Every structure is written in C-alpha cells, then in structure tokens.
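Student: I would like to learn how the labels people put on a protein model are justified. Could we go through one together?

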Amino acid sequence: VAFTVGSGEIPAALEEGMLGMKRGSIRRIEVPSTFVFAARKAGQLPEPMQKNKDEARRFQALFKTDATLLFEVKCVRVKSPAS
C-alpha cells in the first residue's frame, strides 16, 4: 500500500508505527480497538474485495469496534517528497 505520511489515508496508529522504518525492514504493529473504531468512522479501513453479501458481512465482522488489529508491515520503498 502506498500512502503519504500525514494524509489520513491509513489509521493514525498504523502510520505512527511505521514512522522511522527503513527499506527492507519488517514490523509488527498492534492497533488498539479505540483506534480501529476511529479509523472505521473516518473510512480508513479497507473495503471487501467481493461484492457478495455474505463475504461483505464476514469482512465487516473482522472490524468490530472492540477488535484489536495486528499488522505485519514490510517497507519496500521510501520516497522522499520533491523539493
């Protein structure tokens, strides 16, 4: 996933956990339920790939308001802003 730091494209807790990563590094980032709830309200969580109602329902169940999300992130590229 490509994103711009500070743009609000991904949950703030995930972005904070990724700050300082170098190319090729891997981190496990835990996003507490309070941040998951805020990210859901802001529309920062991914949408289901399937348009099937059952798949969408299962997908939404993954992002309950009391859920803690665990991400394993690998940094493949860091792009500096243009001067």
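Tutor: Gladly! Let's begin with a pair: the side chains of Arg28 and Glu72 meet in a salt bridge, with 3.0 Å from N to O. Keep in mind that this is a predicted model.

Student: What makes the meeting of Arg28 and Glu72 a salt bridge?

Tutor: The label asks for a side-chain nitrogen of Lys or Arg within 4 Å of a carboxyl oxygen of Asp or Glu. Here Arg28 and Glu72 are 3.0 Å apart, N to O, so the pair passes the 4 Å cut-off. In general, side chains of opposite charge can pair when their charged atoms come close.

Student: Which parts does the pair tie together?

Tutor: Arg28 lies in strand E1, residues 26–31, and Glu72 in strand E2, residues 69–74, so the salt bridge links parts that are 44 residues apart in sequence. A search of the whole structure finds one salt bridge.

Student: Why is Arg28 called exposed?

Tutor: Exposed means over 50% relative accessible area. Arg28 has 64% relative accessibility, so the word fits. Glu72, at 55%, counts as exposed too.

Student: Then why does Glu9 count as partly exposed?

Tutor: That label covers the range between under 20%, which is buried, and over 50%, which is exposed. Glu9 has 41% relative accessibility, so Glu9 counts as partly exposed. Arg40, in helix H2 (residues 33–41), has a relative accessible area of 36% and is therefore partly exposed as well.

Student: Where is Glu9, and what does its side chain join?

Tutor: Glu9 is in the segment before helix H1, which spans 12–18. A polar contact of 2.6 Å joins the side chains of Glu9 and Ser7.

Student: What makes that a polar contact?

Tutor: The cut-off for a pair of N or O atoms is 3.5 Å, and one atom must be able to donate a hydrogen and the other to accept it. The Glu9 and Ser7 side chains are joined at 2.6 Å, so the distance is within that limit.

Student: How do you know that residues apart in sequence can be neighbours in space here?

Tutor: Take Gly17, which is in helix H1. Its C-alpha atom is separated by 6.0 Å from that of Ile29, twelve residues apart along the chain. Leaving out residues up to four places away in sequence, Gly17 touches Arg27 and Ile29. For the chain as a whole, among contacts between residues at least 6 apart in sequence, 60% join residues at least 24 apart.

Student: Which residues make up the largest nonpolar core?

Tutor: There are eleven in all: Ile10, Ala13, Leu14, Met18, Met21, Ile29, Val31, Val36, Leu69, Val73 and Cys75. H1, E1 and E2 each give two or more residues to this core, and the largest share, three residues, comes from H1.

Student: What does Val31 touch?

Tutor: Not counting residues up to four places away in sequence, Val31 touches Ala13, Leu14, Val36, Ala67, Thr68, Leu69 and Phe71.

Student: How many helices and strands does the chain have, and how do they run?

Tutor: The protein chain has three helices and two strands. From the N terminus on, the order is α-β-α-α-β.

Student: Last one: where is confidence lowest and where is it highest?

Tutor: Confidence is lowest in helix H3, residues 53–62, at a mean of 70, and highest in E1, at 92. The chain averages a pLDDT of 78, and 77% of the residues score at least 70.

How values were computed:
Residues are numbered from 1 along each chain as its sequence is written. This is a predicted model: local features need pLDDT of at least 70, side-chain atom pairs count only at pLDDT 80 or more; totals for chains, interfaces and linings use all residues. Side-chain values use heavy atoms; hydrogens and water are left out. Helices (H or I, at least four residues) and strands (E, at least two) are DSSP runs, numbered from the N terminus. Buried means under 20% relative accessible area, exposed over 50%, partly exposed in between (1.4 Å probe, protein chains only). Contact means heavy atoms within 4.5 Å. A nonpolar core is a set of buried Ala, Val, Leu, Ile, Met, Phe, Trp, Tyr and Cys residues joined through side-chain atoms within 4.5 Å. pLDDT is the predictor's confidence in each residue, from 0 to 100.
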